[in-house]
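Biologist: Before we begin, could you take me through this structure one question at a time, giving the reasoning before each result?

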Amino acid sequence: MSKVAIVFWSQTGNTETMANCIAEGAGANATIIPCSEMNAAKLGEYDVVAFGCPAMGAEQLEESEEMDFQPMFDACKNMLSGKRVALFGSYGWGDGQWMRDWVERAQGDGAQVFGGEGLICNEAPDDDVQAACRKLGADLAAW
C-alpha cells in the first residue's frame with residue numbers, strides 16, 4: 001500500500017470535503033496536510049500525493065500568498081518528476097479548463113498524473129462526487 005499525502009487549500013469547504021473523502025477512501029495510509037505545511041522536502045516522504053485546489057478568478061489555481069496553494073505547488077514542481085500525483089478540486093463557473101491546464105502543467109513537470117486527468121466538482125460535492133473521491137483515495141493507496 002502506498003503512503004498518500006492529501007495536500008489542499010479550500011475557501012468554501014468544497015475542496016476540503018473532497019480531501020476528507022479521498023482520505024477516507026485511502027484509509028490508514030493517508031495523511032491530510034494543509035498546503036501551508038507542505039514543501040519540496042516533505043513531498044519525498046510520500047509515495048503518492050493528491051493535490052487539491054479550487055478554481056479561482058478566470059479558471060486558475062489560487063495564487064495569492066495569503067492562501068498559499070500556488071506558491072507551495074510552484075516550490076514543489078521540481079520534485080514532481082516521476083512522482084505519482086492526483087489532482088482534484090471544485091469550481092463554480094466555466095467548464096473545468098483550469099484542471100485540464102493544471103494536469104498539463106503537472107505532466108510537463110514530469111508528474112505521473114493518476115488516470116491522466118483530475119477529479120473536479122462543480123460547486124459542493126454531491127453523493128456521487130464524494131463516492132468518486134473515496135474511490136480515488138482507495139485507488140491511490142493501491143497505486
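Biologist: In the crossing where helix 1 passes helix 5, which is the hand, left or right?
Modeller: This is a predicted model, and what follows is computed from it. Helix 1 spans residues 14–26 and helix 5 spans residues 127–142, and their axes come within 6 Å of each other. As helix 1 passes helix 5, the hand of the crossing is right-handed.

Biologist: Which word describes how helix 1 is set relative to helix 5: roughly parallel, roughly perpendicular or oblique?
Modeller: The axes of helix 1 and helix 5 cross at roughly 45°. Roughly parallel would need an angle under 35 degrees, and roughly perpendicular would need 65 to 115. The crossing angle therefore makes helix 1, relative to helix 5, oblique.

Biologist: How many residues of the contact of helix 1 with helix 5 are nonpolar?
Modeller: From helix 1 the contact draws on residues including Met 18, Cys 21 and Ile 22, while helix 5 contributes, among them, Val 129, Cys 133 and Leu 136. Glu 24 of helix 1 and Arg 134 of helix 5 also take part. The contact divides into two charged residues, four polar ones and, as the number you asked for, nonpolar residues numbering ten.

Biologist: Thr 15 also belongs to helix 1; is Thr 15 buried or exposed?
Modeller: Leaving out residues up to four places away in sequence, Thr 15 touches Phe 8, Trp 9, Ser 10, Gly 52, Cys 53, Pro 54, Phe 88, Gly 89 and Ser 90. Its relative accessible area is 0%, and since buried means under 20%, Thr 15 counts as buried.

Biologist: And for Asn 20, what is the exposure class?
Modeller: Asn 20 has its place in helix 1, and its C-alpha atom is separated by 19 Å from that of Trp 143, which lies 123 residues away along the chain. With a relative accessible area of 37%, Asn 20 is partly exposed.

Biologist: Turning to the aromatic rings, what kind of pair do Phe 69 and Phe 73 form?
Modeller: Both residues lie in helix 3, which covers residues 69–76, and they are four residues apart, about one turn of the helix. Their rings are 6.2 Å apart centre to centre, with 15° between the planes. Planes under 30 degrees apart meet the cut-off, so the pair that Phe 69 and Phe 73 form is stacked.

Biologist: Which residues do ring pairs link into a cluster with Phe 69 and Phe 73?
Modeller: The count of aromatic pairs comes to eight. Phe 69, at 0% relative accessibility, is buried, and Phe 73, at 4%, is buried too. Besides these two, the cluster linked by ring pairs contains Phe 51, Tyr 91, Trp 98 and Trp 102.

Biologist: In the loop between helix 3 and strand 6, what is the exposure class of Leu 80?
Modeller: Leaving aside residues up to four places away in sequence, Leu 80 touches Leu 43, Phe 51, Phe 73, Val 85, Asp 109, Gly 110 and Ala 111. The C-alpha atoms of Leu 80 and Val 49 are 9.7 Å apart, with their positions 31 residues apart in sequence. At 1% relative accessibility, Leu 80 counts as buried.

Biologist: Is Ser 81 in that loop buried or exposed?
Modeller: Apart from its neighbours within four places in sequence, Ser 81 is in contact with Asp 109 and Gly 110. Its relative accessibility is 59%, and because the class of exposed residues begins over 50%, Ser 81 counts as exposed.

Biologist: How far from Glu 16 is Arg 84 in space, C-alpha to C-alpha?
Modeller: Arg 84 lies in strand 6, residues 84–91, and beyond its neighbours within four places in sequence it is in contact with Ser 2, Asp 47, Val 48, Val 49, Gln 112 and Trp 143. Arg 84 and Glu 16 are 68 residues apart in sequence, and their C-alpha separation in space is 21 Å.

Biologist: Finally, near what value is the phi of Glu 123?
Modeller: Glu 123 has its place in the loop between strand 8 and helix 5, where it is partly exposed at 43% relative accessibility. Most residues other than glycine have a negative phi. Glu 123 has a positive value instead, near 70°.

Key: Residues are numbered from 1 along each chain as its sequence is written. This is a predicted model: local features need pLDDT of at least 70, side-chain atom pairs count only at pLDDT 80 or more; totals for chains, interfaces and linings use all residues. Side-chain values use heavy atoms; hydrogens and water are left out. Axes are lines fitted to C-alpha atoms, for helices over the stretch in contact, and angles run from 0 to 180 degrees between N-to-C directions. Helices (H or I, at least four residues) and strands (E, at least two) are DSSP runs, numbered from the N terminus. Angles under 35 degrees count as roughly parallel, over 145 as roughly antiparallel, 65 to 115 as roughly perpendicular and the rest as oblique. A crossing is left-handed if the near helix is turned anticlockwise from the far one by less than a right angle, and right-handed if clockwise. Contact means heavy atoms within 4.5 Å. Ala, Val, Leu, Ile, Met, Phe, Trp, Tyr, Cys and Pro count as nonpolar, Asp, Glu, Lys and Arg as charged, and the others, Gly among them, as polar. Rings of Phe, Tyr and Trp (its six-membered ring) pair if their centres lie within 6.5 Å; planes under 30 degrees apart count as stacked, over 60 as edge-to-face and the rest as tilted. Buried means under 20% relative accessible area, exposed over 50%, partly exposed in between (1.4 Å probe, protein chains only).
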